[in-house]
Amino acid sequence: MSETLQTTDAAASDADLLAQTAIAVRAAGSALRERFGEVVRCQTREELMGALAANDDAALDILRPTLTELRPDAGWVEDELDGGALPPGEWWVVDPAEGNVNHLHALPEWAVTATLVRENQPVLTAVHLPLTGETYTALAGAGAHLDGRPLHVSPTADLGLSIVATSQARPDEDENVVRRVGSSITAMLFDALVVRTAVPATLHLTNVAAGRIDAFWQFAGARADLLPGALLVTEAGGRISDAEGRPWTPQSESFLAAAPGVHAQAVATLTR
């Protein structure tokens, strides 16, 4: 059956809305895939920011009108780098080119994400990887899926047998955060089997949800980085907290997603 975008009114079920959201991120992904290939060489920070913005705009030209039509009364988060709590109501939290810098460097780790947040809780998310064709989806209370197949986090119960991952601090990040990232990687190098360090965060979190890696942590971070993966991991049976093991919210200063069997061990390592 061909995928055709359909209008859904405010009474449509969240499951129907998720299906239409998945179609939207796939359509935006196709636009970005057409722009992918050669390394985009930039000589200045201004050129780099312009190239990043051009990718964002190519995807947003599809996502914004489509998602607005699906949920006309929902707000729209303008900056995917924003953090903290949202005002009351429904909001679309979208990263039109998650891992945008990888796209520009002809690296395969990038995606398109769209998450509907209701009263500061993610209720549905769709993450599309255009180069593999994979689409990860999650609906609060209904599980996480990869192209319709249920996802489950790893059964691993020993951090020493685990593959773990983190994402690099942003180039303009506070020095204390950068140093905390570095010390946490060192600690994990002692305690975990393998430590992966790369951007973007969302792709690490899809791997946690799929049981391919056992834990992911990050300090600071934006809503668009973490909300899609937080819902995917939770619905796949994983545990979400801050690095100290406390409940995570978008206002938290750290984030940890892990298989239940290694969550406490990861907290112990990150707080040592």
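Contact here means heavy atoms within 4.5 Å of each other. Helices (H or I, at least four residues) and strands (E, at least two) are DSSP runs, numbered from the N terminus. The model is a predicted one, in which local features need pLDDT of at least 70 and side-chain atom pairs count only at pLDDT 80 or more, while totals for chains, interfaces and linings use all residues. Residues are numbered from 1 along each chain as its sequence is written, and side-chain values use heavy atoms, with hydrogens and water left out.

Leucine 104 is part of helix H3. Its relative accessible area is 3%, so leucine 104 is buried (under 20% relative accessible area; exposed is over 50% and partly exposed lies in between, with a 1.4 Å probe and protein chains only). Beyond residues up to four places away in sequence, leucine 104 touches Glu38, Val39, Val40, Leu48, Ala51, Leu52 and Asn55. Tyrosine 136 is 32 residues from leucine 104 along the chain, and their C-alpha atoms are 23 Å apart.

Helix H1 covers residues 14-34. At 1.5 Å a residue, its 21 residues should span 30 Å (the expected span is 1.5 Å times one less than the number of residues). The end C-alpha atoms of H1 are 30 Å apart, which agrees. The buried residues of H1 are Leu17, Leu18, Gln20, Thr21, Ala22, Ile23, Ala24, Val25, Ala28, Gly29, Ala31 and Leu32. Their cover includes helix H2 (45-70) and helix H3 (100-104). Strands S2 (90-98), S3 (111-118), S4 (121-129) and S5 (134-139) are also included in this cover.

Threonine 137 lies in strand S5. With 14% relative accessibility, threonine 137 counts as buried. Neighbours within four places in sequence aside, its contacts are Leu18, Ala22, Thr125, Ala126, Gly143, Ala144, His145 and Leu232. Two of these names, Leu18 and Ala22, also appear among the buried residues of H1. Leu232 is one of the buried residues of H6.

Helix H4 takes in residues 175-191. Its 17 residues should span 24 Å at 1.5 Å a residue, and its end C-alpha atoms are 25 Å apart, which agrees. Buried in H4 are Val177, Val181, Ser184, Ile185, Ala187 and Met188. They cover an arc of only 165° around the axis (taken from the directions from the helix axis to the C-beta atoms), which puts them on the same side of H4. An α-helix has 3.6 residues a turn, so residues three or four places apart point the same way. The face of H4 turned away from the buried side carries the exposed residues Asn176, Arg179, Leu189 and Phe190. Strand S8 (163-166), strand S9 (194-197), strand S10 (215-219) and helix H7 (260-270) are included in what covers the buried residues of H4.

Alanine 222 sits in the loop between S10 and helix H6 (223-235). Alanine 222 is buried, at 3% relative accessible area. Its C-alpha atom is 7.7 Å from that of glycine 84, although the two are 138 residues apart along the chain. H6 itself has 13 residues and reaches 18 Å from its first C-alpha to its last, close to the 18 Å expected. H6 is mostly covered, with 11 of its 13 residues buried. Among them are Arg223, Asp225, Pro228 and Gly229. Just after H6, glycine 237 takes a positive phi of about 100°.

Some backbone angles stand out. Most residues other than glycine have a negative phi, and most peptide bonds are trans. Alanine 106, in the loop between H3 and S3, has a positive phi near 60°. Alanine 106 is partly exposed, with a relative accessible area of 27%. Glutamate 119, in the loop between S3 and S4, has a positive phi of about 50°. A cis peptide bond joins valine 199 and proline 200, with omega about 5°. Proline 200 is placed in the loop between S9 and H5.

Helix H5 (residues 201-209) gives four residues to the lining of the second largest pocket, the largest share. The residues of this lining divide into 10 nonpolar, five polar and three charged.

Conventions. Ala, Val, Leu, Ile, Met, Phe, Trp, Tyr, Cys and Pro count as nonpolar, Asp, Glu, Lys and Arg as charged, and the others, Gly among them, as polar.
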